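The following report describes one protein chain, with attention to its charged pairs and its backbone geometry.

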Amino acid sequence: MSKRGAFVVIEGLDRSGKSTQAETLIKRLQAADIPSKLIKFPDRSTPIGKLIDSYLRSETELDDHAIHLLFSANRWELASSIVKDLEAGTVIICDRYAFSGIAFSASKVAPSAQPDAPTTTPTGSNIAPTHKTPPPLLPYSWCRSPDVSLPAPDLTLFLDILPEVASQRAGFGGERYENQEHQERVRELFERVAEEVEAEGIGKWVVLNGGLELQEVSESIWSEVKEVVRQGVEGELGNVKRLWD
Ligand code: T5A
Ligand code: NA
């Protein structure tokens, strides 16, 4: 079996510590002389990434379908270079990937669909809040489809954190989607994504407690990454797989 680099994705809610951990991890790989590269999505530096950045800062409005496709296109821009690097033996650390794409888009609901708002009957009497999840704006399967055939990660590390803990961290609330209600729906959607990843055998999905001290999180990440890097070096990973194929 041919040797190659491992493809590692770090996922989680906003402010769960992904970028902090990705930076620590890449330094550790480089200190160990393991060829490695850090990438992140959205990659805000490309022309498509600039449109995404402007949308996230609420400087522009875009149709929900259109922005979803742009997030996916932003990944496709790098897809062939990811495969090339992996085949050349480079470990790829990727800060968010297609799983964020599905979880964040499929959790969108119409702004008027407030789950807990009391509704009023035509006669004027109030109906008690139903606590029912409002219907999604974009169907789950539709959200998944543009990412079909992207290179599949060998390992996904999901930094799990409660939305109320994440919302206390620096910088929360500055961008679109950074509100607790949306993050709670995103967390549920990630659970569905994780089940599908496991059912379809798309690499390994590991849930780590992102609420722990920085160093504790780094150590649990390192023990998972060390093993998948070894598998790549020893030719145990096989060819790069494709998402949802
Ligand atoms: N999105 C993304 C989509 O809708 N579709 C897609 O396809 C994709 C790819 C921007 C938004 O885009 C959405 C999801 C997002 O809403 P982004 O650019 O990745 O995505 O967002 P960023 O703002 O860069 O990052 P996050 O908000 O997700 O934060 P991180 O990277 O998870 O957290 P980090 O490392 O910056 O840490 C946040 C703060 O917490 C502290 C850090 O020091 C920092 O202050 N911290 C900790 N504090 C205590 N204990 C720990 N263990 C800590 N770890 C970090
Ligand atoms: Na980040």
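Arginine 192 is partly exposed at 40% relative accessibility, where partly exposed lies between buried (under 20% relative accessible area) and exposed (over 50%), computed with a 1.4 Å probe on protein chains only. Its salt-bridge partner is glutamate 196, with 3.8 Å between the closest N and O atoms; a salt bridge here is a side-chain nitrogen of Lys or Arg within 4 Å of a carboxyl oxygen of Asp or Glu. Glutamate 196 is buried, with a relative accessible area of 17%. The two residues are four apart in helix H7 (residues 180–199), which puts about one helical turn between them.

This is a predicted model, in which local features need pLDDT of at least 70 and side-chain atom pairs count only at pLDDT 80 or more, while totals for chains, interfaces and linings use all residues. Residues are numbered from 1 along each chain as its sequence is written, chains are lettered from A and ligands numbered from 1 in the order written, and side-chain values use heavy atoms, without hydrogens and water.

The search of the whole structure finds 18 salt bridges. Three of the pairs are listed below.

| Salt bridge | Closest N to O distance |
|---|---|
| Arginine 44 – aspartate 53 | 2.7 Å |
| Arginine 192 – glutamate 196 | 3.8 Å |
| Glutamate 227 – arginine 230 | 2.9 Å |

Glutamate 227 and arginine 230 are three residues apart in helix H8 (residues 214–233), a separation of about one helical turn. Glutamate 227 is partly exposed at 34% relative accessibility, and arginine 230 is partly exposed at 30%. Elsewhere, salt bridges that share partners join Arg44, Asp53, Arg57 and Glu175 into one network. Within that network, arginine 44 is partly exposed with a relative accessible area of 29%, whereas aspartate 53 is buried at 16%.

Aspartate 53 is also among the buried residues of helix H2 (residues 47–56), together with Gly49, Ile52, Ser54, Tyr55 and Leu56. Helix H3 (64–87) is part of what covers the buried residues of H2. After H2 comes serine 58, with a positive phi near 60°.

Most residues other than glycine have a negative phi, and most peptide bonds are trans. Aspartate 33 has a positive phi of about 60°. Aspartate 33 lies in the loop between helix H1 (18–31) and strand S2, and is exposed, with a relative accessible area of 70%. Serine 149 has a positive phi near 85°; this residue sits in the loop between helix H5 (140–144) and strand S6 (155–160) and is partly exposed at 25%. The peptide bond from phenylalanine 41 to proline 42 is cis, with omega near 0°, and proline 42 belongs to the loop between strand S2 (36–40) and H2.

As a whole, the chain has eight helices and seven strands, taken as DSSP runs numbered from the N terminus (helices H or I, at least four residues; strands E, at least two). The radius of gyration is 19 Å, close to the 18 Å of the globule rule for 245 residues, so the chain is as compact as a globular protein of that length; the radius is taken over C-alpha atoms, and the rule is 2.2 Å times the number of residues to the power 0.38. Of the 245 residues, 48% are buried.

Definitions and conventions: Contact = heavy atoms within 4.5 Å.
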